Amino acid sequence: MKKVDYIIVGLGIGGLVFSKTLRDKGKTFLLFDGAVQGATKASGGVLNPTVLKRFTAAWNSVEFISKAVPFYSSLAKDLGQDVLRPTAIHRILSSVEEQNNWMVASDKEVLSRFLSPEILKNNNTAIDAPFGLGAVQEAKTMKPFALLQRYQAFLKQQHQFVQETFEHELLELTAEGVQYKDIVATKIVFAEGAGVAHNPYFTIDVSPKGKNVFVGNKGEYIIVKAPALQSEAIIKGPVMIIPLGDDLYKVGASYGRDDFSLHTTQEACKSISDKLKKMISCDFELVDQVAAIRPTVKDRKPLIGCIQKEKTFSFLNGLGTRGLTMAPQLAAHLFNYLEEDIPIPEIMDIKRFVH
Ligand SMILES: Cc1cc2nc3c(=O)[nH]c(=O)nc-3n(C[C@H](O)[C@H](O)[C@H](O)COP(=O)(O)OP(=O)(O)OC[C@H]3O[C@@H](n4cnc5c(N)ncnc54)[C@H](O)[C@@H]3O)c2cc1C
């Protein structure tokens, strides 16, 4: 029998940051992942503190960014490789009115830190931006797919990773916590992203108040090769163009509420390509397309903590559209609750749906 403090289910960004939090605090764990196409692997890898559709700050952005940056630096030390890279985001301004709105927004409290007041002249002939570009400060990017692969290898070296689908029906409750096959643990944390919909312990979605708490949102990106584009900055217009290196760009993403399959669709490909053509004038070639489900919640806030009074089973979910920025702070809240009984802020506590 193997004994650990925690079992974690899911190696997306949620499981990654929670397991690192445990290691940093001297706790033992085993992490299971079934290698489903999770949101983290498909994500754009952008840590953007602003909402560029409306020129506002993202919810809690200062708190989340302040935690995320040192957390990922520490992760980089653990892994012996960089995790975050400072990256410029240039928002295409589409009219004089948008230029004015940008300048007003850049003067506001909180936003003045993130939006440069100077409107940049567009010098790239491949980009259509006659009204110039607004620059976001303090944005970062990561390569989520490579990061998960590297982290998985790191966990394997420490014998902390089990590459298999976790079968909830084999989990048993014991006097000390839980038992799963030949593993006993004091607590279990489900960080399954959209997979939570198949978790029988996620009982809030069947209670009358909690019906359809977890809504999910399908996102697709296309990957294009565009040698003439030559942009190192992320370009934001109707879609986001994220440079990947070697003339490749990730472009998107789509938002879909009805289809929860992991298949890529012709519709998303066409819609993203059409929007891209409005932003750039150079040729591009489609090389790939990816799809995944964002773990979104009906009130658009995270879903962390325990459904029951006991702390044996907990959830780290609802990371939504900005999980990469939020995850380190959410993991800290969950850990502090489980180990030190510090309440989780009500707005993100799963208990808000338990009545
Ligand atoms: C197209 C797209 C673009 C995005 N772009 C960005 C972005 O640029 N910036 C940003 O901050 N956020 C972005 N997001 C959102 C972000 O990806 C998510 O908020 C975040 O990745 C969710 O992480 P997670 O760990 O909760 O879930 P996931 O990443 O989905 O991970 C869940 C893991 O659990 C595993 N799992 C599930 N059930 C089981 C089981 N029974 N047994 C074993 N393993 C199991 C799965 O295999 C999976 O690996 C994007 C999302 C999408 C879909």
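Hi everyone. Let's start with a distance: taken over C-alpha atoms, the centres of domain 1 and domain 2 are 30 Å apart. Please keep in mind as we go that this is a predicted model.

So where do these domains sit along the chain? The domain assignment gives three of them. Domain 1 is written in pieces, 2-44 + 145-213 + 298-353, while domain 2 runs over 46-142 and domain 3 over 217-294.

Back to our opening pair. Across the boundary, 14 residues of domain 1 are in contact with 14 residues of domain 2. On the domain 1 side, helices α1, α6 and α8 each supply at least two of the touching residues. Which of these gives the most? That is α8, with six residues. By class, the touching side of domain 1 divides into eight nonpolar, three polar and three charged residues.

Now let me zoom in on one of those helices, α6. Helix α6 covers residues 144-157, which is 14 residues. From its first C-alpha to its last it reaches 20 Å, close to the 20 Å expected at 1.5 Å a residue.

Which residues of α6 are buried? They are Pro144, Leu147, Tyr151 and Leu155. These four cover an arc of only 70 degrees around the axis, which puts them on the same side of α6. If that spacing looks familiar, here is the background: an α-helix has 3.6 residues a turn, so residues three or four places apart point the same way.

What do the buried residues of α6 pack against? Their partners are α1, β2 (29-32), α2, α3 (61-79), β11 (161-162) and α8. Turn to the face away from that buried side, and you meet the exposed residues Gln149, Ala153, Lys156 and Gln157. Just after the helix, have a look at His159, which takes a positive phi of about 55 degrees.

Last stop, the ligand. There are 41 residues around the ligand, and those that come nearest are Gly10, Gly12, Gly193, Gly195 and Gly323. Sorted by class, this shell has 18 nonpolar, 19 polar and four charged residues. Several elements each supply at least two residues of the shell: α1 (13-24), α2 (39-42), β15 (217-225), β19 (285-294) and α8 (323-340).

And why do we say that the ligand lies between two domains? Because domain 1 and domain 3 both give residues to the shell around the ligand.

Thanks for listening, everyone!

Conventions
Residues are numbered from 1 along each chain as its sequence is written. This is a predicted model: local features need pLDDT of at least 70, side-chain atom pairs count only at pLDDT 80 or more; totals for chains, interfaces and linings use all residues. A residue is near a molecule or strand if its C-beta atom, placed from the backbone, lies within 6 Å of it. Ala, Val, Leu, Ile, Met, Phe, Trp, Tyr, Cys and Pro count as nonpolar, Asp, Glu, Lys and Arg as charged, and the others, Gly among them, as polar. Domain bounds come from an automatic or database domain assignment. The expected span of a helix is 1.5 Å times one less than its number of residues. A residue is buried if 20 or more other C-beta atoms lie within 10 Å of its own, exposed if 12 or fewer, and partly exposed in between; C-beta atoms are placed from the backbone. The arc is that of the directions from the helix axis to the C-beta atoms. Two residues are in contact if their C-beta atoms, placed from the backbone, lie within 7 Å.
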